[in-house]
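Biologist: Could you take me on a close look at the sheet in this model, and at what sits around it? I would love one connected walk rather than a list.

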Amino acid sequence: MSGSVLAPLSGPTTDRAAQYEATLQRIKALLDGEDDWIAAMATVVCELHHAFEHFHWTGFYRAVSEDLLVVGPYQGGHGCLRITFDRGVCGAAARTRQTQLVPDVETFPGHIACSATTRSEIVVPVVTPNDRLLAVLDVDSDDPDAFDETDQHFLEKLCQQLGAQFSMA
Ligand code: SME
């Protein structure tokens, strides 16, 4: 008798979702009881960066004033140190507080080419429950169109949890 009825759903989206479920669970366990925001950011980027092959630069930019982001913990090649809110994909995410999902960076006005190899990216804001922007999570890929709604769903869930846990940062 064929076992196909019991076979799990397959395909990239399902695999990616399962990988996110496991990764977010691991991050939650690692950050349990932690109140140091820098330690948390470093741990998150390490876990994400090593969990997904399409993540080629993974890091946080911290909101240090009303219109300036400064680089925080990251993995990958060196990133820009400072980004004002009026520049690039990170600036747009900080300004609008909305996730920016960019399938082709060349079509994004004002994209900052820290790395010439970046082809697509997703940037998710980290906002506290009392509406303070803490940082943005920036993930860049050398693959075109690397991110989809599964990435957006889970990265937004993660950033929402971080905003709540580190609201005092
Ligand atoms: N992708 C960003 C710039 C930061 S780096 O590439 C690490 C942007 O255009 O906002």
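Modeller: Happy to; what follows goes from the sheet to its central pairings, then to the helix, the ligand and the disulfide. Please keep in mind that this is a predicted model.

Let us begin with the layout. The sheet is open and built from 6 strands, in the order S3-S2-S1-S6-S5-S4, with antiparallel pairing. Strand S3 (82-84) and strand S4 (100-102) are the edge strands; each has a single partner, so one side of each has no neighbour in the sheet. On average, neighbouring strands here are turned by 25° against each other, direction ignored. As a general reminder, strands of a sheet pair through backbone hydrogen bonds, in either a parallel or an antiparallel way.

Now to strand S1, which covers residues 57-65. On one side, S1 is joined to S2 by 6 bridges, and the two run antiparallel. S1 and S2 form a hairpin, with 2 residues between them. If you want a landmark in this pairing, look at Arg 62, which stands opposite Val 70 in S2. S1 is also joined by 6 bridges to strand S6 (residues 133-141), again antiparallel. Here Gly 59 has Asp 138 as its bridge partner in S6, and Tyr 61 has Val 136.

Across these strands lies a helix. Helix H2 (residues 37-51) lies across S1, strand S2 (68-75), strand S5 (120-127) and S6, and runs at about 155° to S1.

Some of the residues just named turn up again at the ligand. Tyr 61 and Asp 138 are among the residues around the ligand, and so are Trp 57, Glu 121 and Asp 140. The list also includes Ile 83, His 111, Ile 112 and Cys 114. Three polar contacts are worth finding on your screen. A polar side-chain atom of Glu 121 is 2.8 Å from a nitrogen atom of the ligand. Asp 140 places a polar side-chain atom 3.1 Å from a ligand oxygen atom. Ile 112 uses its backbone instead, with an N or O atom 3.1 Å from an oxygen atom of the ligand. Taken alone, the ligand exposes 310 Å², and the protein buries 99% of that.

Cys 114, one of the residues around the ligand, brings us to the last stop. A search of the whole structure finds 1 disulfide, formed by Cys 80 and Cys 114 with their sulfur atoms 1.8 Å apart. Cys 80 belongs to the loop between S2 and S3, and Cys 114 to the loop between S4 and S5, so the pair ties together parts that are 34 residues apart in sequence. The torsion about the S-S bond of Cys 80 and Cys 114 is about -120°, so this disulfide is left-handed.

How values were computed:
Residues numbered from 1 in each chain as written. Predicted model: local features only at pLDDT ≥ 70, side-chain atom pairs only at ≥ 80, totals over all residues. Heavy atoms only, no water. Pairing = 2+ DSSP bridges. Helix = DSSP H or I, 4+ residues; strand = E, 2+ residues; numbered from the N terminus. Axes fitted to C-alpha atoms, helices over the stretch in contact; angles between N-to-C directions. Contact = heavy atoms within 4.5 Å. Near = heavy atom within 4 Å. Polar contact = N/O pair within 3.5 Å; in protein donor to acceptor, adjacent residues only side chain to side chain. Areas by Shrake-Rupley, 256 points an atom, 1.4 Å probe, with all protein chains shown as cover. Disulfide = S-S within 2.5 Å.
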